[in-house]
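I opened the file to take notes on sheets, turns and the ligand site. My entries follow in the order I looked things up.

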Amino acid sequence: MPEDSIEHIDFKELNEKAISQPLVTHIYTADPSAHVFDGKIYIYPSHDVDAGEAFDDLGSHFAMEDYHVISMDSIDSPAKDHGVGLHVDQVQWAEKQMWAPDANAKDGKYYLFFPAKDHDGIFRIGVAISDSPTGPFKPQDEAIKDSFSIDPAVFKDDDGSYYMYFGGIWGGQLQRWREGVFNASSPESPFAHLPAENEPALCPKVAKLTDDLLEFAHTAKDLVILDENGKPLLQGDIDRRFFEASWMHKYNGKYYFSYSTGDSHYICYAIGDNPYGPFTYAGRILEPVVGWTSHHSICEFEGKWYLFYHDSSLSEGVTHLRSVKVAEITYDAGGKIVTLEPYSK
Ligand code: FUB
């Protein structure tokens, strides 16, 4: 939901109609990546703070410095904040803007994957490791080689392979990597370097991870999202094209890639037959929430499926002060996800 419509919102009424309430209210949290480890729900969110940066289209106001881990024994139990799991000051290669993270587990170790700007102002993706799902996490000295842009989501397939999905346009800098190297030419505008509206949209990226989960096993590939005619979505198709917030889950043997459309504020999804795609656009999961951004994860717990998402209702519309929420999602008989209206109770 764009900022300029917020002044007309009656937040008391909106919160009464909301299909869910913030999971924690003592801090602001966003971009929730949820996983079930050993029968318990763990959420890896961004930790929103007001660092006094002005709002701009590059997201400078998202000046986050650390990550907290949140856990829930079950979907209805209170959410517990385990405190700071990683701070930017611990990360040698990173300078600022600890944006949307994800985590995964392998052989008794837990891996936190996170984007941050390096000392040259370029977004990279790093890994930090812990013996516990709640951290503290110890970062690697360097970012993942050849990583770039934002919003990593790490999916474990049934055969034990792990894949990272990532990327984001505008402030996420994906448009600067069109030639495979960072295009540092000016202007530093979110609208420069993008394809034209009638050209194929910029694709999210996918890379299989090495066995130690610390590197890409190959150069990241484009994840192509097709329309109903088998043609790639176009950059001008802002209600459907990829913007940021990749997530992957598997349902009934199919791969569901979900993402945010950014400036049109939807969470959408596309379905494919393998982790690399191509994927065919399938619809919306979540209608716009209060706040500019929309970001989510999808996870199964005790036989039901849940959408973890955020909105800015607690801060009464402040774009960069968001709160993590959860709502159940359902699938129809054809495997389509039933669209959620966030304020429809
Ligand atoms: O939280 C900072 C950025 O906002 C995330 O990386 C994007 O997905 C958007 O939610």
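**Entry 1: the four-strand sheet**

I began with S10 and strand S11 (residues 162–166), which run antiparallel and are joined by four bridges. I note that this is a predicted model. I looked up one pair in the register: Lys156 has Tyr162 in S11 as its bridge partner. S10 and S11 form a hairpin, with five residues between them. In that turn I found Gly160 with a positive phi of about 90°.

Next I traced the sheet these strands belong to. It is an open sheet of four strands, ordered S10-S11-S12-S13, and its pairing is antiparallel. Strand S10 (153–156) and strand S13 (221–222) are the edge strands, and each pairs on one side only.

**Entry 2: the five-strand sheet**

I moved to another open sheet, this one of five strands. I read its order as S14-S18-S17-S16-S15, with mixed pairing. Why do S14 and S15 each have one side without a neighbour in the sheet? Strand S14 (225–226) and strand S15 (244–251) stand at the edges with a single partner strand each, so one side of each stays free of a neighbour.

I checked the partner of S15. Six bridges join S15 to strand S16 (residues 254–260), and the two run antiparallel. Tyr251 stands opposite Lys254 in S16. I kept a general point beside this entry: strands of a sheet pair through backbone hydrogen bonds, either parallel or antiparallel.

**Entry 3: loops and backbone angles**

I searched for cis peptide bonds. One joins Gly135 and Pro136, with omega about 0°. I placed Pro136 in the loop between strand S8 (123–130) and strand S9 (138–139). Another cis bond joins Gly277 and Pro278, where omega is about 10°. Pro278 sits in the loop between strand S17 (267–272) and strand S18 (279–286). Both S17 and S18 belong to the five-strand sheet of my previous entry.

I then looked at phi. Asp38 has a value near 50°, which is positive in a residue other than glycine. I found Asp38 in the loop between strand S1 (28–37) and strand S2 (40–48).

**Entry 4: the ligand site**

Which residues are around the ligand? I listed Asp31, Phe62, Met64, Trp99, Ala100, Asp151, Glu244, Thr293, His295, His310 and Arg322. By class, I count four nonpolar, three polar and four charged residues in this shell.

I looked up distances to oxygen atoms of the ligand. For Asp31, an N or O atom of the side chain is 2.5 Å from a ligand oxygen. For His295, the corresponding distance from a side-chain N or O atom is 2.7 Å. Arg322 places a polar side-chain atom 2.7 Å from an oxygen of the ligand.

How much of the ligand's exposed area does the protein bury? Taken alone the ligand exposes 280 Å², and the protein buries 99% of that. Last, I checked the cavities: the space taken by the ligand is the largest cavity.

Key: Residues are numbered from 1 along each chain as its sequence is written. This is a predicted model: local features need pLDDT of at least 70, side-chain atom pairs count only at pLDDT 80 or more; totals for chains, interfaces and linings use all residues. Side-chain values use heavy atoms; hydrogens and water are left out. Two strands pair if DSSP finds at least two bridges between them. A residue is near a molecule or strand if one of its heavy atoms lies within 4 Å of it. A polar contact is a pair of N or O atoms within 3.5 Å; within protein, one must be able to donate a hydrogen and the other to accept it, and residues adjacent in sequence count only if both atoms are side-chain atoms. Accessible areas come from the Shrake-Rupley method with a 1.4 Å probe; for residues, only the protein chains shown count as cover. On a 1 Å grid over the protein atoms alone, a cavity is a set of points where a 1.4 Å probe fits but cannot get out, and a pocket is an open set with protein on both sides within 12 Å along at least five of seven lines; lining residues have an atom within 4 Å of a point. A molecule sits in a cavity or pocket if more than half of its atoms lie within 2 Å of its grid points. Ala, Val, Leu, Ile, Met, Phe, Trp, Tyr, Cys and Pro count as nonpolar, Asp, Glu, Lys and Arg as charged, and the others, Gly among them, as polar.
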